[in-house]
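Dear colleague,

I am handing over the structure we spoke of, and below it I have set out what was found in it. Please look through the model first and then read the notes beside it.

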Amino acid sequence: MENLVKFIEKLPKAELHLHIEGSFEPELMFRIAERNNIPLKFTSVESLRAAYHFTQLQDFLDLYYAGTSVLIYEKDFYDLTWDYLIQARANNIVHTEIMFDPQAHTARGVSFETVISGISRALKDGEEKLGISSVLIMSFLRHLSEAEAFKTLEESLPYREMITAVGLDSSERGNPPAKFMRVFAKAREYGFLAVAHAGEEGPPENIWGALDLLHVSRIDHGNSSLLDDDLAAMLVASQIPLTVCPLSNYRLKVVQDLSNHPLKAMLDLGLRVTVNSDDPAYFGGYLNDNYIAVAEALSLTKDEIIQLAKNSFLASFLSDSSREKYLHILNDFHLSNL
Ligand code: HPA
Ligand code: ZN
């Protein structure tokens, strides 16, 4: 097993499902709260971490939004993003596609410009100083209204060139894809690509909805895909990727045990499935921890782990030439680690 851990640690990979606000470690949260003079409900890093016990998605979301409340200035968003990029380098992530939730900040009076400037400046430094390429995905909060999503879309337009895709996250139950059909259509008119969380806590119908109504290029989570044979067959035929997040699924009780995780069955079926960390500060691990946990729980082979890394580049929004470059690097890694 130690051999496999080293193999995973050295493996070059892309991360495609990461909420930057979900990489907010308690230590940084307390530091920023202090310098911004904002009280937190918890008295220490330890007591905050001790509260990270969730029985469903909403339990986590309540703490996640509370945590964002200390982020006020451009530098706060820079520091948040930079800390993730340092972790990304330690995890051998060479390319990352980062989601951010502008409405979690604009609803508190922080400007869209402040949020995106801090994040983008860190991403630029990440490329220049750490050699990590990146794209940004702007997610709409699905528990808020269609009108609020439209407002956010309009606010993003001055920064159109900095954002590759729109996404959809937050509470899946009661907020199906149809609610955002018109916003996504408008976003696609503006040239954004699209992704959406679907089938995390929701049924396969939400995955159909994300595909047919929102025209997404990939599905975030997609755990319930295998409950519908026609859907699974369509996903295999189209090679529409799933960005699966094993430790998130375990911590939010989407799966009761990692040994029951559908990832292995998805790989066996030929789905373009990827492994990601979702909200690593809350779910007990960054990308390597996710790879290691599923490799152990599902007895994955080295070839299957390589396939997951390969899928991460194939499913990315990289240009064809960059994708080829990374696939070559991965192939060389494979040959020298047989
Ligand atoms: N699901 C839905 N919304 C989210 C998540 C998630 O896993 N993480 C951050 N927002
Ligand atoms: Zn997510």
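**The largest pocket**

Two elements, helix H7 (112-130) and strand E3 (133-141), each supply at least two residues of the lining of the largest pocket. Please keep in mind throughout that this is a predicted model. Of the elements that contribute, E3 gives the most to this lining, with three residues. The lining as a whole is made up of Ser-120, Leu-123, Ser-134, Val-135, Leu-136, Arg-160, Glu-161, Met-162, Ile-163 and Thr-164, and by class these residues divide into five nonpolar, three polar and two charged. The volume of the largest pocket comes to about 150 Å³.

**The cavity**

Turning from the pocket to enclosed space, the count comes to one cavity of 30 Å³ or more. The largest cavity has a volume of about 100 Å³, and of the 13 residues that line it, the closest to its centre are His-19, Leu-57, Phe-60, Leu-61 and His-197. Helix H4 gives the most to the lining of the largest cavity, with four residues, while the lining taken by class has five nonpolar, four polar and four charged residues.

**Ligand 1**

Where does ligand 1 sit? Ligand 1 is placed in the largest cavity, and the residues that surround the ligand are His-19, Leu-57, Phe-60, Leu-61, Tyr-64, Asp-169, Ser-170, His-197, Glu-200, His-221, Asp-278 and Asp-279. Helix H4 (residues 57-68) provides the largest share of this shell, four residues, just as H4 gives the most to the lining of the largest cavity. By class, the residues of the shell divide into four nonpolar, four polar and four charged.

Which residues have an N or O atom close to a polar atom of the ligand can be set out one by one:

- A nitrogen atom of ligand 1 lies 2.8 Å from a polar backbone atom of Ser-170.
- In the side chain of His-19, an N or O atom is 3.2 Å from a nitrogen atom of ligand 1.
- For His-221, the distance between an N or O atom of the side chain and an oxygen atom of ligand 1 is 3.3 Å.

As for how much of the ligand is covered, ligand 1 has 260 Å² of accessible area on its own, and the protein covers 100% of this area.

With best wishes

Technical notes
Residues numbered from 1 in each chain as written. Chains lettered and ligands numbered in written order. Predicted model: local features only at pLDDT ≥ 70, side-chain atom pairs only at ≥ 80, totals over all residues. Heavy atoms only, no water. Near = heavy atom within 4 Å. Polar contact = N/O pair within 3.5 Å; in protein donor to acceptor, adjacent residues only side chain to side chain. Areas by Shrake-Rupley, 256 points an atom, 1.4 Å probe, with all protein chains shown as cover. 1 Å grid on protein atoms, 1.4 Å probe; cavity = no way out; pocket = protein on both sides within 12 Å on 5 of 7 lines; lining within 4 Å. Sits in = over half its atoms within 2 Å of the grid points. Nonpolar A, V, L, I, M, F, W, Y, C, P; charged D, E, K, R; others polar. Points joined across faces, edges and corners; volume = space filled by probe spheres on them.
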